[in-house]
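Welcome, and please have your viewer ready with the selection tool to hand. We will go from stop to stop, and at each one you will hear what to select and what is there.

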Amino acid sequence: MTSSQSILRHPDFRRLWIADLLSQLGTRLSMIAIPLLAVLTLDATTFEVSLLRTCETAAWLLLGLFAGAWVDRVRCLPVLVFADLGRAVLFGSIPVAALFGVLSLTQLYVVLALTGVLTVLFDVAHSSYPPRLLQPDQLLPGNAKLAANHSVAAVLGAGAGGVLVQWLSAAVTIGVDALSFLWSAIWLRSIRTPEPRPAKPETPNLRREIAEGMRYVFRHPLLRPIALNTATTMLFQAAAGAVMIVFLVREIHLQPSTIGVLSMIGLAGAIVASAVTEKISNRYGDARTLLLSSTGIGVAFTLQALTGPGWQVSWFVVATLLAGFCIIISYILQVSTRQRVCPPELQGRVSATMSFVGWGAAPLGSLLGGALGTVFGLHATLWIAGLASLAGTAFLYCSPFRTLRTVPDVPEHQADRQDLPGTRRD
């Protein structure tokens, strides 16, 4: 198998990797800067802050499945470049509006809703592109390297975001995010490997093509429990995330730079995870590792609810450390599993279905978090979200993952069988 080090010798994958790292860093800056802008500058309420995340992720509910069917018909690279350029323009409008003193919550909602549409197109195309660029034995190390970008961005972006907000203002920090998307587009445009145009169906039928992707996921004995577990996790992760900044600022009384530094320390686990996932998977089996890492995510979100003033802030660090470690491992193995068991002609639709189920739960979770925080309080919302996330692992424990050690490559005609061939069991 190709190692995670040698995959960077592939010149065009290296360009994809650099572009992804740049946009991930910028995105992480905005993830902390936008809610801080709403709380500290625009004096938003808990529910108004939760609506920011809802606007950002609502496009998955509206366009996620369509995007998958569409991406299966087109080349991915032009979609990636277009989405990056569009997001650069939209996020760039925020510091401009702040400069002229006309920034409002309404503009934030509109910008996040429009960038959410572009993010859906980008993410589906980005997930479908590696199988068109790499060989099958390069997918796991390739996905590990791309996941490492999430890790590095989570650590550096969280720390830098909090410090930049305190030093330069939240609006200027968001402007840095806009520049990162522009730089990412430049790197993507430098990729030279020809991407063949996918064959168009003889009788195009968008509804039928979307249904094929959904049937493949929900009839597949491995993809179905992953999708259901991911939906549960994303629902309650979004609920907790919708109130977390408000909780840390208004109840724990932390400064933006402190929030950034604490997040940076905790998310260091994500960097470790991206470096060791391949080794852990090879030693214990990818199926078993996926099961345990998903359980760890639920445990981490539950520990997060122990956060309090003084020394109890350390629970926030411990929880984010464990969550970052387990989320990256789970992400790498989920994507690699989907790419291995899915036939090429369904990659976009299956990717979109999985993203639709997971990210489609995020706007609902943000609304849920805002409502729970308003009615029951911020601390109670964190407890509810943590325990519910942990309960969601039941979907995996009641599936073949409970007895599998490794995930086999499953031909399409065997996708709905419970007895998976070529699988090692203990």
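The tour below visits helix contacts, salt bridges, a surface patch and a few single residues.

Before you start, keep in mind that this is a predicted model. Residues are counted from 1 along the chain as its sequence is written.

**Stop 1: two crossing helices**

Select residues 46–71, which form helix α2, and residues 206–219, which form helix α8. How do α2 and α8 lie relative to each other? Their axes come within 9 Å and cross at roughly 100°. An angle from 65 to 115 degrees counts as roughly perpendicular, and α2 and α8 are therefore described as roughly perpendicular to each other. Now show the side chains at the contact: Leu65, Phe66 and Ala69 come from α2, while Leu206, Glu209, Ile210 and Met214 come from α8.

**Stop 2: a salt bridge across the chain**

The structure holds 6 salt bridges, and we will visit some of them. Begin by selecting Asp43 and Arg250, which form a salt bridge with their closest N and O atoms 4.0 Å apart. Asp43 sits in the loop between α1 (11–41) and α2, whereas Arg250 belongs to helix α9 (residues 223–250). The pair links distant parts of the chain, 207 residues apart.

Is Asp43 buried or exposed? Its relative accessible area is 60%, so Asp43 is exposed. Its partner Arg250 is partly exposed, at 33%.

Stay on Asp43 for a moment and look at its backbone. Most residues other than glycine have a negative phi. Asp43 has a positive phi of about 55°, although it is not a glycine.

**Stop 3: a buried pair within one helix**

Next, select residues 76–99, helix α3, and pick out Asp84 and Arg87 inside this helix. These two residues are 3 places apart, about one turn of the helix. Their side chains meet in a salt bridge, with 2.8 Å from N to O. Asp84 has a relative accessible area of 0% and is buried. Arg87 is buried too, with a relative accessible area of 5%.

**Stop 4: a bridge between a loop and a helix**

Which parts does the pair Glu195 and Arg132 tie together? Select both residues to see their side chains meet in a salt bridge at 2.9 Å, N to O. Glu195 lies in the loop between α7 and α8 and Arg132 in helix α5 (residues 130–133), so the pair ties together parts that are 63 residues apart in sequence. Glu195 is buried, with a relative accessible area of 10%, whereas Arg132 counts as partly exposed at 24%.

**Stop 5: a nonpolar patch on the surface**

Switch to a surface view and select Leu85, Leu179, Leu182, Trp183 and Ile186. Together these residues make a nonpolar surface patch of about 510 Å². Which helix gives the largest share of the patch? Helix α7 (residues 170–189) does, with 4 residues. One residue found in α7 is Leu179. At 56% relative accessibility, Leu179 counts as exposed.

**Stop 6: the loop ahead of α7**

Select Ser169, in the loop between α6 (139–168) and α7. The phi of Ser169 is near 105°, a positive value in a residue other than glycine. Ser169 is partly exposed, with a relative accessible area of 31%.

**Stop 7: two buried residues and what they touch**

Select Gln24, found in helix α1. Gln24 is buried, with a relative accessible area of 16%. What does Gln24 touch, not counting residues up to four places away in sequence? Show Asn149, His150 and Ala153 to see these contacts.

Finish with Ala231, which lies in helix α9. Ala231 is buried, with a relative accessible area of 16%. Leaving aside neighbours within four places in sequence, Ala231 is in contact with Val357, Gly358 and Ala361. To end, draw a distance from the C-alpha atom of Ala231 to that of Leu121: the two atoms are separated by 19 Å, and the residues are 110 places apart along the chain.

Conventions: This is a predicted model: local features need pLDDT of at least 70, side-chain atom pairs count only at pLDDT 80 or more; totals for chains, interfaces and linings use all residues. Side-chain values use heavy atoms; hydrogens and water are left out. Patches are made of residues with over 30% relative accessible area and no salt bridge: like charges are joined within 9 Å, nonpolar side chains (Val, Leu, Ile, Met, Phe, Trp, Tyr) within 5 Å. Accessible areas come from the Shrake-Rupley method with a 1.4 Å probe; for residues, only the protein chains shown count as cover. Buried means under 20% relative accessible area, exposed over 50%, partly exposed in between (1.4 Å probe, protein chains only). Axes are lines fitted to C-alpha atoms, for helices over the stretch in contact, and angles run from 0 to 180 degrees between N-to-C directions. Angles under 35 degrees count as roughly parallel, over 145 as roughly antiparallel, 65 to 115 as roughly perpendicular and the rest as oblique. Contact means heavy atoms within 4.5 Å.
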